[in-house]
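Please open the structure in a viewer and keep the sequence panel visible. The tour below proceeds by selection, one group of residues at a time.

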Amino acid sequence: MFVRATVLPVVSLLVSLLVMAPGAQAAPFDDLKDDLAACLRFELEGTKGQRQGSATAGAERALQRCAGEMGRLERADPRRLRSDRGLSPSTWAVIESVFGPGSRERLSGLRF
């Protein structure tokens, strides 16, 4: 009886520490970023064979088609700056990793 009363609180403490560990929270967030990047790349590949009206038409189509993934990432990262058009730094990092450096300027006319 004494062992059970001593071990159970220790085990529950260890479980709560593991749940609160930084690595435990980073994995789902990183998965959201990976999902958005994969969606954007997939949609860009689909527009390569199509005739584009402008240089950013493929990017705009990809961003529109991946709105669900972008929304999930936006809800997970509450940080916002007005100068970043209301998008979180995490979302911009994914957009820049897919579309390249300078994406913010090239995509400034698009609506997200």
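Begin by selecting the buried residues of helix H5: Ser90, Thr91, Trp92, Val94, Ile95, Val98 and Phe99. The model on display is a predicted one. Proceed next to Gly100, just after H5, where the backbone takes a positive phi of about 95°.

**The nonpolar core**

Now select Leu36, Leu40, Leu63, Ile95, Phe99 and Leu107, the residues with the most contacts inside the largest nonpolar core, which has 18 residues. Colour by element to see where the core residues come from: helices H2 (22–47), H3 (57–65), H4 (67–76) and H5 (89–99) each give two or more. Of these, H5 gives the most, with 5 residues. In soluble globular proteins, nonpolar side chains tend to be buried together.

**Helices H4 and H5**

Display H4 and H5 alone. How do the axes of H4 and H5 cross? They come within 8 Å and cross at roughly 140°. An angle over 145 degrees would count as roughly antiparallel; H4 and H5 are therefore oblique to each other. To view the contact, show the side chains of Met70, Leu73 and Glu74 on H4, together with Ser90, Thr91, Val94 and Ile95 on H5. By character, the residues of this contact comprise 4 nonpolar, 2 polar and 1 charged.

**The loop between H4 and H5**

Select Asp77, which is found in the loop between H4 and H5. Is Asp77 buried or exposed? Its relative accessibility is 4%, and the cut-off for a buried residue is under 20%, so Asp77 counts as buried. Then add Phe29, Ser88, Pro89 and Ser90 to the selection; Asp77 is in contact with these residues, leaving aside its neighbours within four places in sequence. Ser90 has already appeared in the contact of H4 with H5.

**The disulfide**

Finally, select the cysteines Cys39 and Cys66, which are joined by a disulfide with an S to S distance of 2.0 Å. A search of the whole structure finds 1 disulfide. Viewed along the S-S bond, the link of Cys39 and Cys66 is left-handed, with an angle of -95°. Which parts of the chain does the pair link? Cys39 is in helix H2 and Cys66 is in the loop between H3 and H4; these are distant parts of the chain, 27 residues apart. Cys39 and Cys66 are both buried. A disulfide is a covalent bond between the sulfur atoms of two cysteines.

Definitions and conventions
Residues numbered from 1 in each chain as written. Predicted model: local features only at pLDDT ≥ 70, side-chain atom pairs only at ≥ 80, totals over all residues. Heavy atoms only, no water. Core = buried A, V, L, I, M, F, W, Y, C linked by side-chain atoms within 4.5 Å. Buried < 20%, exposed > 50% of the residue type's maximum accessible area, 1.4 Å probe, protein only. Helix = DSSP H or I, 4+ residues; strand = E, 2+ residues; numbered from the N terminus. Axes fitted to C-alpha atoms, helices over the stretch in contact; angles between N-to-C directions. Parallel < 35°, antiparallel > 145°, perpendicular 65-115°, else oblique. Contact = heavy atoms within 4.5 Å. Nonpolar A, V, L, I, M, F, W, Y, C, P; charged D, E, K, R; others polar. Disulfide = S-S within 2.5 Å.
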